[in-house]
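This note is offered to a colleague who is meeting the structure for the first time. It takes up the enclosed spaces inside the model, point by point.

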Amino acid sequence: MAGQLEQLLAKAQQPTTVAVIAALLIVAITTRLLTGAPESGSKGAHTAAQPGYYVPFLGHVPQMSLNGDSFLAGLREKYPQGIVSLLFMGKTHSIVYKPSLATLLMNKPHSVADESFVSKRLCVTNFGFKKSDLDLFQAFWDEVGKAYNIMLSGEGLANLVETTAKSLQSSIADFVTFNAYPSDQAEWERMAEADVVDHNGEQYVEAELMGLSKNFVAQTANPALMGTDFCKNFPEHPKYVWDFDAGFVLMAMGLPSWLPWWPLQRAQASKRRQLNCLYEYHEALGKWSKGEEPGHRWENLDDISILQKERVRIWEKHEVPTSVRAAADLGLVWAMNANSSPLVYWMLLHIYKDTVLLEQIREEIAPYIKGVQPKNLFGTGISIPPKLETFDIEGLSTKCPLLKSSYVETLRLYVSAWSIKYVQQDTTLGRGDDTYVLNEGTYAHAPHDLHQLDPKYFPEPHEWQPRRHVKEVMGEDGKITVTADMGSIRPYGGGAHMCKGRAFAMRELMMYTAAIVTMYDIRRPEGQEWSVPKTTKQAASRHPTKEMKVWIKRRPQPDEE
Ligand code: HEM
């Protein structure tokens, strides 16, 4: 070791090495001195300030790569105007973090600021489309995009919500089964390495909370979108989604698929597996839509969602190849699962951690969700688990401000959506003296968590505060209603491509949290306290860096009448 150090020092002292280091330093210092510009223009539209950088052409890439979060947070403090200009690989990128400017950016029409280049790129790098697929099928592309709106309201939304609620109602008793043998356990218990433990004569199920909650949500909610056959035939599918999501950003960077990097390789493998599952699914759906026999594994395709029925109609109308249908569904299945299922974990963690909050939420939701203990007609040898009797999803999502505020706070803290637009025409952003120029050929970004974690808007921004978004609103009749809403945060992005699953996701997070909180007590294993793990960013939401084991038991429920 000492020998290697000496060799290194000797090398560093060689004249050529010294000359190279000196030249690099001179370039870095000169670049830093010559670059950087304050905001310019006094009347009318301003040019946003650009901080100096050290490496020509690369610009601010090194700062972003080393610690992008704290670099951007520092700029937010230094430039309170809410917009700053950075240089990446010779191109100008405006970073917008003031909510009013971000809203204006999101609302720019496609002809002025285009966002579809991002989703098109992801289609190729991540979802398995060929570049030629995008050009060939432009005609159906718009129809597919419009069909997403089915999820936002009306019958399409009701179909997803009601089917998910029914599935949850019939599965909640098996969230933990108290079976010690994996072969007798539910799929989500096996994925969370569940086991039965005895403590002071009381039985608990010990399980890893993220594994248990996200797999439970995925396994029981996906049938509403994809139909029961897909989930029955591919029970391991959620595992592929998690591996895919963990390598999502690496794939989006366009790294070569042969690169021997484990998360990238694992994500590529799970992408292939998912595409195989979806190919078989679409072959069956194609036959089913023509009234042909889809095969014995696909006997219940009638129960796919209204959205999927519409998508099948579009695929058939345009005679889209099965491989393209499978790639399009890979994007949809990822969007459905990657964010909402893991977020249930964060809601549960924070609510169970605070016993006062837990009781307040149980009290608040009690009129809309009730568990009962069915009569046991089979004798003491058989134990009958409690079941959910009342389950009013609209009541839960519109009349429970504390639960709703907890949901908004979870999105604020754990979702890091980032919208990017390519400026196709010179344009401006802002009003009056707060107007900024965006030049044609540049990029404009809204990293939404920069605002979500801004202490000027959210004091103690890194603390999860369940009451942060609760407010009192006076109605036209003069009555005051307590409510909670998203306020200025944008975890679902914005503009034409704003999340189309948001209305469903809100109800999904609220219904799963409410059902688990009503039916189960969750604590840390003996001798361990609740703590909030450190997080790591995945594609859009934050994941814990450490696993968390919990002990779970059923809550006693009143007898069924
Ligand atoms: C809390 C959970 C969720 C979060 C935080 C979230 C976030 C997002 C974000 C940030 C985008 C990109 C928006 C943009 O480009 O500006 C997006 C797009 C999308 N999301 Fe979600 N999402 C969630 C749940 C869901 C669910 C449950 C579904 C489906 C049931 C879904 C379906 C979609 C679709 C289809 C798009 C693409 C929309 C388009 O291109 O027009 N999302 N989502």
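How many cavities of 30 Å³ or more does the structure hold?

1. The model under review is predicted. It holds two cavities of 30 Å³ or more, and each is described in turn below.

2. The largest cavity has a volume of about 80 Å³. Its lining includes Val 96, Tyr 97, Pro 99 and Ala 102, together with Ala 446, Pro 447, His 448, His 451 and Gln 452. Ser 488, Ile 489 and Arg 490 also line the largest cavity.

3. Which elements supply at least two residues each to that lining? They are helix 4 (99-106), strand 11 (443-447) and helix 21 (448-452). Helix 21 contributes the most, with three residues.

4. In character, the lining of the largest cavity comprises seven nonpolar, four polar and one charged residues.

5. Where does the largest cavity lie with respect to domain 1 and domain 2? Domain 1 (35-114 + 421-448) and domain 2 (137-417 + 453-554) both give residues to the lining, and the largest cavity therefore lies between them.

6. The second largest cavity contains about 50 Å³ of space. The residues that line it are Ala 218, Gln 219, Asn 222, Phe 230, Cys 231, Phe 234, His 237 and Pro 238.

7. Helix 10 (209-226), helix 11 (228-233) and helix 12 (237-246) each provide at least two residues of the lining of the second largest cavity. Helix 10 has the largest share, three residues. By class, this lining has five nonpolar and three polar residues, and no charged residues.

Technical notes:
Residues numbered from 1 in each chain as written. Predicted model: local features only at pLDDT ≥ 70, side-chain atom pairs only at ≥ 80, totals over all residues. Heavy atoms only, no water. 1 Å grid on protein atoms, 1.4 Å probe; cavity = no way out; pocket = protein on both sides within 12 Å on 5 of 7 lines; lining within 4 Å. Points joined across faces, edges and corners; volume = space filled by probe spheres on them. Helix = DSSP H or I, 4+ residues; strand = E, 2+ residues; numbered from the N terminus. Nonpolar A, V, L, I, M, F, W, Y, C, P; charged D, E, K, R; others polar. Domains from an automatic or database assignment.
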